[in-house]
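Good morning, colleagues. I would like to take you through one structure today, and I ask that you keep the sequence and the coordinates in view as I speak.

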Amino acid sequence: MRALLVTSVSVTCAAALTLPLAAPALSAPASGPVPHSASARPPSPAPESPGSGPPSARTDETRAADAAGSTQSLPLEPLAAPSDRATGPAAPGQGLDRRAARPFSLVGVVWDDPDAELHGTVQIRTRAAGGTSWSGWQDVETHNAEHAADLGSDERASGAVRGATAPLWVGASDGVEVRVRPEPADPEHRSAAAPLPEGLRLELVDPGEGPAPEPPGNASAGRATPAMFAGRPVPPTTTAIVPEVLTAESAATSAVNAELAPLGAAVIPALTKAQTEAAAVVAPGARPYIGPRPGIVTRRGWGANERLRERNFAYTRSVKAAFVHHSATGNNYTCKQAPAVLRSIYRYHVRSMGWRDIGYNFAVDKCGNIYEGRAGGVAKAVLGAHTLGFNSNTMGIAVLGTYSSTNPPAAAVTAVSKLTAWKLGLFGANPKGKVTLVSGGSGKHAKGKKVKMNVISGHRNAFATECPGARLYKKLGKARTTSAKLQGR
């Protein structure tokens, strides 16, 4: 195991010699998971311009930035208070009237204090790119603080973290209108309207372009093929890139998966159960209860811009449980768009919310495709920011979409089963079992409290939240049973 990773790191360094950037340091040893290691926060990124100038005035540098994605951050303005005949004028809100903007596909609202809550409603409507029609008003999920790094962690205490709504995928758009209203006063209980958080800003995220498609006939062991996904639609532009064209950051991200796929691979290929068991490291004579490794689209495959994230990787000791989430970004995306949705969430988590990387360890789309989330290695115990109070020794899986009143596709639930059968099996966890975790403080469970819960749990088991949506939560029993069967239990 160590020899393989050292070889990959040497290739990474060789690739980095051709680039003006130093290769990021790996904070983990070559073999086995390690405790969370502190790492310095990167310098704050330069602000991104709204870029409202005409295309003819744009420089090559601007166009290159567009290809990698961009974020427009617009301060909200006071809105006139609506009047109600029964209660009189309501508390004023904030927002923006209809306006044109550079192209974007995902929206969200952020504010200065990550500990402040937005008690109220956020509604947005958008104009389709290049058109004149506007969507109806769409509600944005305001309760998002439960998806975060643990209190007291380096990531949480960095000074860069902001409060935020959940992001909402709206598709290609170039116009926006937003209104944020506080909860109304309650005369019966003599309570005043809760003030809105300070520093409200609208974030408009352009995911940028995905990886360039591979030239015909340039086959590679890391290339995505339909067979890897058992007939499900495969996201486009999942292309293997030869090591010498990788950036230093991309090479480092790929190197931690070097035992599973070639450096620069867009997909970690699926293995049979026999192949997975043969590769598993278990005690002599012990039975490897582990499911077959599913195909996983790497960060390279979905087009993650590795220069956004913090360079070092953070780990925890083990993976004892999996928390299932929905992304709450809406269901108006196609599986072909799923990589763009991921790039948008990633940029929102890092640029808008101030996290070190995307919060989830894995993502699953509605067609059942599985994606690598936070960098550090899909087989390793990577510390995420997905379940406030319970990020240590767990992993977070986000099913892309909103499943409060919509049933999750069967393919997505099956993918959760396959992923947990493999990943939990690597750490000896039984998907149908129970586990005791120590809370880091979550609002539902006090800091230091020992909490017994299912090895495969929903986010709501750890925090007072609707996540992963009532419809997806009801499917977790089936996911546990299927996952255990795949492990051979």
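**Helix H6 and its surroundings**

Let me begin with helix H6, which spans residues 338–352. The helix has 15 residues and runs 20 Å from its first C-alpha to its last, close to the 21 Å expected at 1.5 Å a residue. Please bear in mind throughout that this is a predicted model.

Is H6 mostly covered or mostly open? It is mostly covered, as 14 of its 15 residues are buried. Just after H6 comes Gly354, which takes a positive phi of about 85°.

Before going further, allow me to place this helix in the whole. The protein chain contains 9 helices and 19 strands. Of its 489 residues, 52% are buried. Among contacts with a separation of 6 or more, 77% are between residues 24 or more positions apart. The chain exposes about 20800 Å², and carbon and sulfur atoms supply 55% of that area.

**The disulfide**

I turn now to the cysteines. A disulfide is a covalent bond between the sulfur atoms of two cysteines. How many does the structure hold? There is 1 disulfide, and it joins Cys335 to Cys367 with an S to S distance of 2.0 Å. Cys335 sits in the loop between strand E13 (321–326) and H6, while Cys367 sits in the loop between strand E14 (362–364) and strand E15 (370–372), so the bond ties together parts that are 32 residues apart in sequence.

The torsion about the S-S bond is about 95°, and the disulfide is therefore right-handed. Are these two cysteines buried or exposed? Cys335 has a relative accessibility of 9% and counts as buried. Cys367 is buried as well, at 16%; both values fall under the 20% cut-off for that class.

**Salt bridges**

The next topic is charge. Side chains of opposite charge can pair when their charged atoms come close. A search of the whole structure finds 14 salt bridges, and I shall discuss some of them.

Two involve the loop between H6 and E14. In one of these, the side chains of Arg299 and Asp357 meet at 3.2 Å, N to O. That pair links distant parts of the chain, with Arg299 in helix H5 (residues 299–302) and Asp357 in the loop between H6 and E14, 58 residues apart. Arg299 and Asp357 are both buried. They also belong to a network of salt bridges that includes Glu306 and Arg309.

In the other, Arg356 pairs with Glu310, the closest N and O atoms being 3.5 Å apart. Here Arg356 is in the loop between H6 and E14 and Glu310 is in the loop between H5 and E13, with their positions 46 residues apart in sequence. Arg356 has a relative accessible area of 7%, and is therefore classed as buried. Glu310 is likewise buried, at 4% relative accessibility.

A further salt bridge is found elsewhere, between the side chains of Arg99 and Glu77, at 3.8 Å, N to O. Arg99 belongs to strand E5 (residues 94–111) and Glu77 to strand E2 (residues 77–78), and the two are 22 residues apart. How accessible are these partners? Arg99 is partly exposed, at 31% relative accessibility, and Glu77 is partly exposed at 39%.

**Asp174 in strand E9**

Arg99 also leads us to another acidic residue, since Arg99 is among the residues that Asp174 touches. Asp174 is located in strand E9 (residues 168–182). Its relative accessibility is 15%, so Asp174 counts as buried.

Which residues does Asp174 touch, leaving aside those up to four places away in sequence? They are Arg99, Ala100, Ala101, Arg102, Phe104, Arg127, Ala128, Ala129 and Gly130. With Gly130 there is a specific polar approach: a polar atom of the Asp174 side chain lies 3.0 Å from the backbone nitrogen of Gly130.

**Helix H3**

I close with helix H3, which covers residues 248–255. In this helix 8 of the 8 residues are buried, so H3 is largely enclosed by the rest of the structure. The buried residues include Glu249, along with Ser250, Thr253 and Ser254. The alanines Ala248, Ala251, Ala252 and Ala255 are buried too.

Note on methods
Residues are numbered from 1 along each chain as its sequence is written. This is a predicted model: local features need pLDDT of at least 70, side-chain atom pairs count only at pLDDT 80 or more; totals for chains, interfaces and linings use all residues. Side-chain values use heavy atoms; hydrogens and water are left out. Helices (H or I, at least four residues) and strands (E, at least two) are DSSP runs, numbered from the N terminus. Buried means under 20% relative accessible area, exposed over 50%, partly exposed in between (1.4 Å probe, protein chains only). A polar contact is a pair of N or O atoms within 3.5 Å; within protein, one must be able to donate a hydrogen and the other to accept it, and residues adjacent in sequence count only if both atoms are side-chain atoms. Contact means heavy atoms within 4.5 Å. The expected span of a helix is 1.5 Å times one less than its number of residues. A disulfide is a pair of cysteine sulfur atoms within 2.5 Å. Accessible areas come from the Shrake-Rupley method with a 1.4 Å probe; for residues, only the protein chains shown count as cover. A salt bridge is a side-chain nitrogen of Lys or Arg within 4 Å of a carboxyl oxygen of Asp or Glu.
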